[in-house]
Amino acid sequence: MHANSAYLSLGSNLGDKEAYLKKALVYLDEVPEIRVAQKSSLYQTDPVGYTEQDFFLNAVVRVETTLNPDELLKNTQEIENRLGRKRTIHWGPRTMDIDILLFNEEKVSKPDLVIPHAEMLHRRFVLVPLAELDRQILIPGFGQAGKALEDCPDGERVFLVKTAEQW
Ligand SMILES: Nc1ncnc2c1ncn2[C@@H]1O[C@H](COP(=O)(O)OP(=O)(O)OP(=O)(O)O)[C@@H](O)[C@H]1O
Ligand SMILES: Nc1nc2c(c(=O)[nH]1)N=C(CO)CN2
């Protein structure tokens, strides 16, 4: 497979959160053009934005894919829908949220797709697992993921609950 390399952020804060995250990985791998190449540890994180909601489980995965960014987004949105995602409150509770963080070292700026993900530099729940996978990975227009994490010391609490091998 001539592979593009993309990093995805996965988050869930409703129902059996870990089961939703595992299913998302299975569904991603079932797409012939997508291969899950790496996954981070599983983190319990305080909700950001709308704070009157349950904690999240978050993780980051690296996928290899022959899809382009738009096609990848279509597939991740379909998986969100299959996992029962209902769009209610902005930044509110959800069974599954999949965001495209990085796609190779490309920048994308379209009405429905912005890469690097617009919020990622402020989100410890994204930067901690991303830097775990690769501290040196380049966030286009910014620099390395490890530096982004160092620049973002305050914010929501992020606790490791399971290592990559344990979930
Ligand atoms: N990099 C990206 N990854 C996923 N969706 C994106 C991205 N850039 C823009 N979008 C758009 O954002 C919309 C996602 O809306 P959604 O309801 O998931 O927002 P949210 O999860 O509440 O907030 P956030 O996107 O900040 O996590 C999608 O319709 C999609 O078109
Ligand atoms: N901790 C945490 N907070 C969030 C998350 C998330 O995945 N984790 N997703 C949100 C909507 O994109 C809003 N707030």
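## Fold, core and ligand shells

Read along the sequence, the chain goes β-α-β-β-β-α-β-β-β-α-β-β-α-β. That comes to 4 helices and 10 strands. Keep in mind that this is a predicted model.

As for overall dimensions, the C-alpha trace spans about 40 × 35 × 35 Å along its principal axes. The radius of gyration is 15 Å, which agrees with the value near 15 Å that a compact globule of 167 residues would have. Buried residues make up 35% of the 167. Of the contacts with a separation of 6 or more, 69% are between residues 24 or more positions apart.

**The core**

The largest nonpolar core has 38 residues, and A6, L8, A24, V60, I100, L101 and L130 touch the most other members. Helices and strands both feed into this core: α1 (17-30), α2 (69-82), α3 (124-133) and α4 (145-150) each give at least two residues, and so do β1 (4-12), β3 (42-45), β4 (56-65) and β5.

Take V60 for a look at the packing. Leaving aside its neighbours within four places in sequence, V60 is in contact with Y7, L8, S9, S40, L101, V126, P129, L130 and L133.

**Helix α3**

How many of the residues in α3 are buried? The count is 9 of 10, leaving this helix mostly covered. The buried ones are R124, F125, V126, L127, V128, P129, L130, A131 and E132, so a charged residue sits at the start of that list and another at its end. What lies over them includes the strands β1, β3, β4, β5 and β10 (158-162), along with helix α4.

Helix α4 is also where E150 is found. Is E150 buried or exposed? E150 is exposed, because just 12 other C-beta atoms lie within 10 Å, and 12 or fewer counts as exposed. From E150 to L127 the C-alpha distance is 9.4 Å, with their positions 23 residues apart in sequence. L127 itself belongs to the buried set of α3.

**Strand pairing around β3**

β3 has two antiparallel partners, β10 and β4. Here is how the pairings look, with one facing pair for each.

| Strands | Sense | Bridges | Facing pair |
|---|---|---|---|
| β3 and β10 | antiparallel | 4 bridges | Q44 and F159 |
| β3 and β4 | antiparallel | 3 bridges | Y43 and N58 |

**The two ligands**

Around ligand 1 there are 13 residues, and D99, I100, D112, V114 and H117 come nearest. Which strands each supply at least two residues of this shell? They are β5 (97-103) and β7 (113-115). By class, the shell has 6 nonpolar, 5 charged and 2 polar residues. I100 turns up in two places: it is one of the residues nearest ligand 1, and it is among the core members with the most contacts to other members.

Ligand 2 has G11, T45, D46, P47, V48, G49, F56, N58, W91, D97, F125 and E156 around it. Sorted by class, these are 5 nonpolar, 4 polar and 3 charged. Some names here are familiar from above. N58, part of this shell, is the β4 residue that stands opposite Y43. F125 is likewise in the shell and is one of the buried residues of α3.

Conventions: Residues are numbered from 1 along each chain as its sequence is written. Chains are lettered from A and ligands numbered from 1 in the order in which they are written. This is a predicted model: local features need pLDDT of at least 70, side-chain atom pairs count only at pLDDT 80 or more; totals for chains, interfaces and linings use all residues. A residue is near a molecule or strand if its C-beta atom, placed from the backbone, lies within 6 Å of it. A nonpolar core is a set of buried Ala, Val, Leu, Ile, Met, Phe, Trp, Tyr and Cys residues joined through C-beta atoms within 7 Å. A residue is buried if 20 or more other C-beta atoms lie within 10 Å of its own, exposed if 12 or fewer, and partly exposed in between; C-beta atoms are placed from the backbone. Two residues are in contact if their C-beta atoms, placed from the backbone, lie within 7 Å. The radius of gyration is taken over C-alpha atoms; the globule rule is 2.2 Å times the number of residues to the power 0.38. Two strands pair if DSSP finds at least two bridges between them.
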